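Q: I am new to reading protein models and would like a close look at one small part. Please take it slowly and explain each term as it comes up.

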Amino acid sequence: MTLTAASSRVDNIRRSLVGLKMPLALEMLDATLRRIEQGQIDGIEALDDLLTEELTLRENRRIKAALRMARLPILKTIAGFDFSFQPSLDRNRIMALAGLDFINRAEVVHLLGPPGTGKSHLATALAVEAVRAGRSVYFIPLADLVAILAKAEREGTLREKIRFLCRASLLVVDEIGYLPVTPGGGNLFFQLVNARYEKGAMILTSNRGFAEWGEVFGDPVVATALLDRLLHHAVVVQIEGSSYRMRQHADLLPENNRATAHINLPPAPRRRGRPPKVQPDQQYG
Ligand code: ADP
Ligand code: MG
C-alpha cells in the first residue's frame, strides 16, 4: 500500500471509530499503529487490543450504571466473604447460587440467620454477580418496599409500581422481620410476590423463622399466603453462627447469644391443585 493510500485508510478507520462511538479505540489508534510499524505487535494483536479495551470500558460503564439502578446500599463481593467465619454455611451452595441459574428458574432464595451473619452481604454479592452477568436487579429493604407500595396505593398507582418492581430479573428484599410491617403492608407485599411468582427471581433475607411470619406481617392469613408462593420454588440457606460485626467482642457475649439461633422451617405449604415440585429444604440438600 502506498503511503497516501495507507493514510486515507487510517482516516477511514478514525471516522468509523467515531461513528461506532468507540472513543478509547480512537484514542489508542495512533499508538497502536506505531507499535505495528515498529514490529512490536502484528495486525491481529492490534485489533484485539483496541476491541478488548473498548469493550472493557463499555462493560465497566454498563455495570456502574446497572449497579446504580439496582440501588445496592453498599458493594459486597463473594470473594470478600470469609466462609471460614461461618462454618455452618456450605460455600459450594453459595457458589452454585452465584452461577445464577436460580434467576433463570425464577426461584426464591431465602437467606436466614441471626443479625450480623452475612445475609445482606451475600444477598448484595449475588446481586453484584447478577449485574455483572447482565441481569437487571433491584434491591430494597422490606420496610421501604412496603412504604413505596402503600404510597402508590394512596396515589392510585399501585399497578404501575408493581409492574415496575416486576421488571428486574432479580428483586432483593432485605431485612424481613427487623421492623414490624405496617398494617396492610403484608397484603401489599403479597400482591407484589404474587405478580412475580414463577416469573421473576427474588432473594429474601430474614432474621426470623418462617413460623414467625404471622407475627412479622401482623396477619397469619397473609403470612401463609406469602409463604405458599415464596416456598414453592425456593432455596433456603440457613446461616447458624455468630455475628461478624461482634467478632472482636465474642468473649463479652452471653453464651446463648453466640450459639446458633435455630430457625425452624415451617410445615410444608399446602397448595391446592398441582403439588410443589420439591420441598424447599430438599432441593439442594
Ligand atoms: P446481616 O445482614 O446478616 O445482619 P451483614 O451481611 O450486614 O449481616 O454483615 C454485617 C457486616 O459484617 C457487613 O459489613 C458484612 O460485610 C460483614 N460480614 C458478615 N459476615 C461476613 C463474613 N463471613 N466475611 C466477611 N464479612 C462479613
Ligand atoms: Mg442485613
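Where is R71 found?

A: Happy to help! First, some ground rules: this is a predicted model, in which local features need pLDDT of at least 70 and side-chain atom pairs count only at pLDDT 80 or more, while totals for chains, interfaces and linings use all residues. Residues are numbered from 1 along each chain as its sequence is written, chains are lettered from A and ligands numbered from 1 in the order in which they are written, and side-chain values use heavy atoms, with hydrogens and water left out.

Now to your residue. R71 is in the loop between α3 (43-70) and α4 (91-98). Helices (H or I, at least four residues) and strands (E, at least two) are DSSP runs, numbered from the N terminus. R71 has a phi near 55°, a positive value in a residue other than glycine. With 55% relative accessibility, R71 counts as exposed. Here, exposed means over 50% relative accessible area, buried means under 20%, and partly exposed is in between (1.4 Å probe, protein chains only).

A positive phi turns up again at E175, near 65°, and this residue is not glycine either. E175 belongs to strand β3 (residues 170-176), and its relative accessibility of 38% makes it partly exposed.

Let us return to the loop that holds R71. H121, in helix α6 (residues 119-132), touches K76, T77, G80 and F81, leaving aside its neighbours within four places in sequence. Contact means heavy atoms within 4.5 Å. H121 is buried, at 18% relative accessible area. Elsewhere, the charged end of R91 sits over the ring of F83, 5.5 Å from its centre. The rule for a charge over a ring is that NZ of Lys or CZ of Arg is within 6 Å of the ring centre and within 35 degrees of the ring normal.

R229 gives another case, lying over the face of Y197 at 5.9 Å from the ring centre. The side chain of R229 also meets that of N194 in a polar contact of 2.9 Å. A polar contact is a pair of N or O atoms within 3.5 Å; within protein, one must be able to donate a hydrogen and the other to accept it, and residues adjacent in sequence count only if both atoms are side-chain atoms. N194 sits in helix α9 (residues 185-196) and is partly exposed, at 32% relative accessibility. From N194 to A225 there are 31 residues in sequence, but 9.3 Å in space, C-alpha to C-alpha.

What about rings meeting rings? A pair of aromatic rings is described by the distance of the centres and the angle of the planes. Rings of Phe, Tyr and Trp (its six-membered ring) pair if their centres lie within 6.5 Å; planes under 30 degrees apart count as stacked, over 60 as edge-to-face and the rest as tilted. The count comes to six aromatic pairs. For Y138 and F164, the centres are 5.5 Å apart and the planes stand at 80°, so this pair is edge-to-face. Because Y138 lies in strand β2 (residues 137-141) and F164 in helix α8 (residues 158-167), the pair ties together parts that are 26 residues apart in sequence. Y138 is buried, at 12% relative accessible area, whereas F164 is partly exposed, at 32%. Ring pairs also link F189, F210, W213 and F217 into a cluster.

Strand β1 (residues 108-112) makes a nice contrast with your exposed residue, as five of its five residues are buried. In a regular strand the side chains alternate between the two faces of the sheet. V108, H110 and L112 on one side of β1, and V109 and L111 on the other, are all buried. Two strands pair if DSSP finds at least two bridges between them. Five bridges join β1 to strand β4 (residues 201-206), with the two running parallel, and V108 stands opposite M202 there. Another five bridges join β1 to strand β5 (residues 234-238), also parallel, where V108 has A234 as its bridge partner.

Finally, stepping back, the protein chain has 12 helices and five strands, and 41% of its 285 residues count as buried.
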